[in-house]
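Q: Please take one strand of this model and go through it closely. What does it pair with, how is it covered, and how does it sit in the chain as a whole?

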Amino acid sequence: MSWPEVTVVDACVRRAGGGGSPAAVTDDDPAATDADRRAVAAAAGASHAAFLGSGRTPDGGLPVRFFTAAAELSGCGHGTVAAQAVRLTRSGLNELNDRQHTGGRTFDTVAIRRPAGIEVWFDQGLVALRHPQPDERAAIVAALGFTADDPHPTDTARIATPVAPRMLVPVRDRFALRRVRPHFGRLAAACQQYGLLGCFVYVPPVGDRPGAARMFAPAIGVDEDVANANSTGCLAAHLLDTAGAETVAIEVEQGDSLGRPASVLASARRGPAGITTRVGGLAVVRDSS
């Protein structure tokens, strides 16, 4: 089927300008099948597509669904940035505070016009953290294809779950990050076996220097993601947890290996129920087609 209007948004662009993760945004069509929805992202030259519902949930949330070419997602961080940027553009307002319903959860969002684009923040909610089981960690590490020059992570890898679990794997530095060459078939099989969305390989922020990361998610049809905002929130939660702090704020640069420089911001806070996070990025809305 043909969609009436698809807008491509470069989400989480680097603050120095350019790049970002392309996401397709369109109004959902109740007559469409999930196969129709899976085809939208690829047709628009994006890895993910966001579908905006026409009504609202009882708690005031706007339904938004996310698809890759392979599957529907329970959540999509850079897709949320893109969806809310389009909604602000349509509204004609300078700021839009709203609520979004995705994956069975409704959460707060804010979109603000800035000179360089539209700044979007959303509440990621609680992030659960655990250490991977030895066989789980070994399978993922083997599939990542680390070279002999790079020490394999041990107990520093974590599983983080905002909605869908993913493994956070640290490497020594940005040179080691660039050298990662996953075996995508093995990584997809390992993620499917252990119920993981993918693997977020990262170098943590140090002082004023942003962190860096690459997200590999072949199990959902995305070998490497330009920018994974939800995983950045997970990293903020992990860093807060290991530091024993009450709050943490980070910036993580992504997308360089794909020629699409991106940047994601995240903050984490410890509360009575656990660690909650807030994630943001800058979006540039392209012309609709």
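A: Start at V169. Its bridge partner in β12 is V201. That pair belongs to the link between β11 and strand β12, residues 199-203. The two strands run parallel and are joined by four bridges. This is a predicted model, so every value here is computed from predicted coordinates.

Now the other partner of β11. Strand β11 covers residues 166-170, and it pairs with β10 over three bridges. Here the sense is antiparallel. So β11 has an antiparallel link to β10 and a parallel link to β12, by the DSSP bridge count. Two residue pairs show the register with β10. A160 stands opposite R166. I159 stands opposite M167. The connection is a hairpin, with four residues between β10 and β11.

Follow β10 one strand further. Strand β10 spans residues 158-161, and three bridges join it to β9, residues 128-130. These two strands also run antiparallel. At one end of that pairing, A128 stands opposite T161 in β10.

Next, burial. Five of the five residues of β11 are buried, so the strand is largely enclosed by the rest of the structure. Which residues lie on which side of β11? R166, L168 and P170 are on one side, while M167 and V169 are on the other. Both faces are covered. The split follows a simple rule: in a regular strand the side chains alternate between the two faces of the sheet. Put the pairings back on this picture. V169, the partner of V201, is on the face that also holds M167. R166, opposite A160, shares its face with L168 and P170.

R166 also leads out to a helix. N230 touches R166, and its other contacts beyond four places in sequence are G75, C76, G77, F122 and Q124. N230 is placed in helix α6, residues 229-243. Is it buried or exposed? N230 has 12% relative accessibility, so it counts as buried; the cut-off for buried is under 20%.

Two other sites give a contrast in accessibility. A116 is in the loop between β7 (105-114) and β8 (117-126). At 53% relative accessibility it counts as exposed. Leaving aside neighbours within four places, A116 still contacts L282 and V284. Its C-alpha is 9.9 Å from that of G18, with the two positions 98 residues apart in sequence numbering. A35 lies in helix α1, residues 34-43. Its relative accessible area is 42%, so it is partly exposed. A35 and G145 are 110 residues apart in sequence, and their C-alpha atoms are 33 Å apart.

Last, the chain around the strand. It has six helices and 17 strands. Buried residues make up 53% of its 289 residues. Among contacts with a separation of 6 or more, 64% join residues 24 or more positions apart. The radius of gyration is 18 Å; a compact globule of 289 residues would have one near 19 Å, so the two agree. Along the principal axes, the C-alpha trace spans about 50 × 40 × 35 Å. The accessible surface comes to about 11,900 Å², and carbon and sulfur atoms hold 52% of it. As for charge, there are 29 positive and 30 negative charges, with mean positions 3 Å apart.

Terms used. Residues numbered from 1 in each chain as written. Predicted model: local features only at pLDDT ≥ 70, side-chain atom pairs only at ≥ 80, totals over all residues. Heavy atoms only, no water. Rg over C-alpha atoms; globule rule 2.2 N^0.38 Å. Buried < 20%, exposed > 50% of the residue type's maximum accessible area, 1.4 Å probe, protein only. Contact = heavy atoms within 4.5 Å. Areas by Shrake-Rupley, 256 points an atom, 1.4 Å probe, with all protein chains shown as cover. Lys, Arg positive; Asp, Glu negative; His and termini not counted. Charge placed at Lys NZ, Arg CZ, Asp CG, Glu CD.
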